[in-house]
Amino acid sequence: MPETTWSVPIKADLRPAYYDDFHCLAAACRQSCCVGWSITFNKKDYLSLKRQAGTPELNERMQRGLRRVRGERVGEHTYGEFTMEDSTCALLRPDGLCQLQLEKGPAALPDVCQTFPRKDVLSRSSYREYSLTPACEGVLELLWNLPEGIDFRSDPIKPGWTVNIKTEELLTIAFQSIRSQCIDFLQDRRFSLPERILLMGMSLKELADGETDLPAWLARARALPEQTQPGTLLKETEQTLPLVLANNTHALSQLATTNQDFAALRAEILHQLTQTNGTKARLLTNPYRRAQDRYAERFPDRAYFMENLLVAVFFHLQLPVTNTPEELWRSYVNFCNLYAFYRFMAVMSCREGAEGSRNDLFRSIVHASRGMLHNSQHQAILRDEYFKNDSATLAHMALLLGG
């Protein structure tokens, strides 16, 4: 049977309300996006940058800071790059400002620098979607200041865009309804955050198992919180925390980074949680429990921040993936892993020896985002380990969400 597609017109945008309030922190940013990244761009941007000329300082920085990408790394978006000196862009001044932007304005920057941390996609939701990655300290500040949670805005846009959906992809046709229900789960404050994610999984598992009556599924999903007693979904055992720590220290140790600050943070965390005896190493739960207690003391009224972070991530990644029932479940397993890692890094921002301040928390979340959220290959490796080990079950996700 020939494959057919359904062309969906895009008539409106969709964005979290805080998107309109974002602005770059510039020199005030402590976790600059000009540090610890590989900043690459296309041929058009490269040629535009080659033509830039200004003060002797700018010319000297551009001469040493701009180069062609060579060899196997060359691609559509990797034609040119900024050189990183001690993992820092050569255009970044000691005061935290960009020499090129100061002299030539933001329009002179390559697209990647103009848009980060923004994302703009024509979505299968039938909207043109705008989102912000939490790999930016300025975005975290916005999430921090939303105690009532995240609202979304939509405005009409000029017609002309369409998105194509394969007609046999039943779940994709219903993507917006499925995602909206998932976000409703994430924002249901009658339940703890791990319970909300588990409620989401309980509903998505039906779709992953082949449910095709989407109106009936949606009715059951909406009714599920009403039929569930808060505090009854997660039952921790003595093995829950060791399992959580094993998964997250493994994820952390496998992250590649050229960011010296992240490398130092990772070393501190792993050192506190690992005890080595000869060639054998074992995980220590007590340092993590003490960090948990300190985290609860430092941020007693900020539980909403992690909720906001997860809603932002869920929307930014356009979850769940609805190409097939199998991919839907894989995306849920990946989301559980992302939450567990974010929570782990947040707790360890209050580890022994750390100040345990908001700045420490933001530092941990930014590095977690840059190392994990912006590394889809690493996410896939960690996710697929669950499937290889027959651990991609709802019961195992309940353990991962515990601790």
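Trainee: Which element gives the largest share of the lining of the largest cavity?

Mentor: Keep in mind that this is a predicted model. A search of the whole structure turns up 1 cavity of 30 Å³ or more, and the elements giving two or more residues to the lining of the largest cavity are β7, β8 and α13 (303–316). With 3 residues, the largest share comes from β8.

Trainee: And how much space lies in the largest cavity?

Mentor: Start with what surrounds that space: Lys119, Val121, Glu129, Tyr130, Ser131, Phe315, His316 and Gln318 line the largest cavity. By class, those residues divide into 3 nonpolar, 3 polar and 2 charged. The space in the largest cavity comes to about 30 Å³.

Trainee: Back to β8, then. Which residue in β8 is the bridge partner of Leu14?

Mentor: Look at how the strands pair: β1 and strand β8 (residues 128–132) run in the parallel sense, over 2 bridges. Leu14 has its bridge partner in β8, and you've met that residue in the cavity lining. It's Glu129.

Trainee: Does β1 run parallel or antiparallel to β10, and what stands opposite Val8 in β10?

Mentor: Here the pairing joins strand β1 (residues 5–16) to strand β10 (residues 156–166) through 7 bridges, and the sense is antiparallel. Opposite Val8 in β10 you'll find Val163.

Trainee: Which residue stands opposite Pro16 in β9?

Mentor: β1 also pairs with strand β9 (residues 152–153), in the antiparallel sense over 2 bridges. Find Pro16, then look across to β9, and the residue standing opposite is Phe152.

Trainee: Let's switch to pockets. What volume does the largest pocket have?

Mentor: Its lining takes in 35 residues, with Trp37, Ser38, Val112, Phe116 and His374 nearest the centre. Elements giving two or more residues to that lining are β2 (40–41), α4 (111–115), β7 (118–122) and α15 (358–373). The largest pocket's volume is about 1100 Å³.

Trainee: How many residues in the lining of the largest pocket are polar?

Mentor: Split the lining of the largest pocket by class and you get 14 nonpolar and 5 charged residues. That leaves the polar class, and the count there is 16.

Trainee: Last one: is the crossing of α10 and α11 left-handed or right-handed?

Mentor: The axes of helix α10 (residues 240–254) and helix α11 (residues 260–273) come within 10 Å and cross at roughly 150 degrees. On the α10 side, Thr249, Leu252 and Ser253 meet Phe262, Arg266, Ile269, Leu270 and Leu273 in α11. By class, this contact has 5 nonpolar, 2 polar and 1 charged residues. As for the hand of the crossing, it's left-handed.

How values were computed
Residues numbered from 1 in each chain as written. Predicted model: local features only at pLDDT ≥ 70, side-chain atom pairs only at ≥ 80, totals over all residues. Heavy atoms only, no water. Axes fitted to C-alpha atoms, helices over the stretch in contact; angles between N-to-C directions. Helix = DSSP H or I, 4+ residues; strand = E, 2+ residues; numbered from the N terminus. Left-handed = near helix turned anticlockwise from the far one by under 90°. Contact = heavy atoms within 4.5 Å. Nonpolar A, V, L, I, M, F, W, Y, C, P; charged D, E, K, R; others polar. 1 Å grid on protein atoms, 1.4 Å probe; cavity = no way out; pocket = protein on both sides within 12 Å on 5 of 7 lines; lining within 4 Å. Points joined across faces, edges and corners; volume = space filled by probe spheres on them. Pairing = 2+ DSSP bridges.
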